[in-house]
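Take a moment to look at the structure below before reading on. The paragraphs that follow lead through it one place at a time.

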Amino acid sequence: MKRSDLAVYFIMGTENCKENPLSVLEDALKSGITMFQLREKGAKALKGEAYETFALTCQSLCKEYAIPFIINDDVELAIKINADGVHVGQEDKPLAQIREQLKGKIVGVSVHNEEEMKLAVAGGADYVGIGPIYETQSKADAKPAAGVSFLSKARTDYPDFPIVGIGGITTNNALEVLRAGADGVAVISAICQSSNRGQTINQLK
Ligand SMILES: Cc1ncsc1CCOP(=O)(O)O
Ligand SMILES: C=C1C=NC(C)=NC1=N
């Protein structure tokens, strides 16, 4: 994984968009996203066979565009379908165990404070996700919007570590997140709901 892979990190699940999620993903890939994460959450989330089939379809679309395909939380599925990596939160399995299970793959970790950052870096994470930076509608149990202060601190403490900002990021505030030291922005709704994804994605860079 290169730090530039984090530039425009699209995250989506079937609940995030009104249009057909696969056409949204294809349009986003055509429009220049640099990494994709399948994050299938919520009451109507796909499960079992349907989830796996959907993941395989997303994976083959990403392969067509040579874009890394990341699965949120589900380490077992990531291993089973040979995804390019996983993104895990603090409540998931210990990082050391995930790192062991996914040698050579991308392991991203959500961090919210210096202690979590230290443990993620020491534990072999390939990148960290910091947020929510701004208010978000896309994560029911999100912590309060933290602004860019912790992101700036993390960048100061770890000048060369891959960091992506997440949470309420739009074309209007992406620059602030990048200026604070993020390598890129992770986005759900601004891309899902965009009426011109090419323009939106260019304005997130
Ligand atoms: C998964 C996640 N983690 C922190 S905020 C968030 C949701 C981001 O969604 P949006 O880009 O629509 O605010
Ligand atoms: C919670 C998250 C934080 N950061 C990223 C990149 N993905 C997530 N699912």
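Two residues are said to be in contact when heavy atoms of theirs lie within 4.5 Å. With that meaning in mind, and leaving aside residues up to four places away in sequence, Glu40 touches Gly13, Thr14, Ala45, Leu46 and Tyr51. The model shown here is a predicted one, and the mean pLDDT of its chain is 97, with 100% of the residues reaching 70 or more. For the complex, the predictor gives an ipTM of 0.99 and a pTM of 0.98.

Glu40 is a good place to begin, and it can be found in the loop that runs between strand 2 (35-38) and helix 2 (48-64). Which side chain of opposite charge is nearest to Glu40? That side chain belongs to Lys47, which is 7.2 Å away, and Glu40 is buried yet has no salt bridge. A salt bridge requires a side-chain nitrogen of Lys or Arg within 4 Å of a carboxyl oxygen of Asp or Glu, so the 7.2 Å to Lys47 does not meet the cut-off. Glu40 does have polar partners, however: its side chain makes a polar contact with the side chain of Thr14, at 2.5 Å, and a polar atom of the Glu40 side chain lies 2.7 Å from the backbone nitrogen of Leu46.

Asp160 also sits in a loop, in this case between helix 6 (149-157) and strand 7 (163-166). Is Asp160 buried or exposed? Asp160 counts as exposed because its relative accessible area is 62%, and the cut-off for that word is over 50%. Not counting residues up to four places away in sequence, Asp160 touches Arg3 and Arg155. Asp160 and Asp183 are 23 residues apart in sequence, while their C-alpha atoms are 9.7 Å apart in space.

Turning to the ligands, the residues that surround ligand 1 include Arg39, Pro132, Lys139 and Val187. An oxygen atom of ligand 1 is 2.7 Å from an N or O atom in the side chain of Thr136. The backbone takes part as well, since an oxygen atom of ligand 1 is 2.7 Å from a polar backbone atom of Gly168, and a backbone N or O atom of Ile188 lies 2.9 Å from an oxygen atom of ligand 1.

Among the residues that surround ligand 2 are Tyr9, Ile11, Arg39 and Ser110. A polar side-chain atom of Gln37 lies 3.0 Å from a nitrogen atom of ligand 2, and a nitrogen atom of this ligand is 3.2 Å from an N or O atom in the side chain of Asn72. For the side chain of His87, the corresponding distance to a nitrogen atom of ligand 2 is 3.4 Å.

Terms used: Residues numbered from 1 in each chain as written. Chains lettered and ligands numbered in written order. Predicted model: local features only at pLDDT ≥ 70, side-chain atom pairs only at ≥ 80, totals over all residues. Heavy atoms only, no water. Helix = DSSP H or I, 4+ residues; strand = E, 2+ residues; numbered from the N terminus. Buried < 20%, exposed > 50% of the residue type's maximum accessible area, 1.4 Å probe, protein only. Lys, Arg positive; Asp, Glu negative; His and termini not counted. Polar contact = N/O pair within 3.5 Å; in protein donor to acceptor, adjacent residues only side chain to side chain. pLDDT = per-residue confidence, 0-100. Near = heavy atom within 4 Å.
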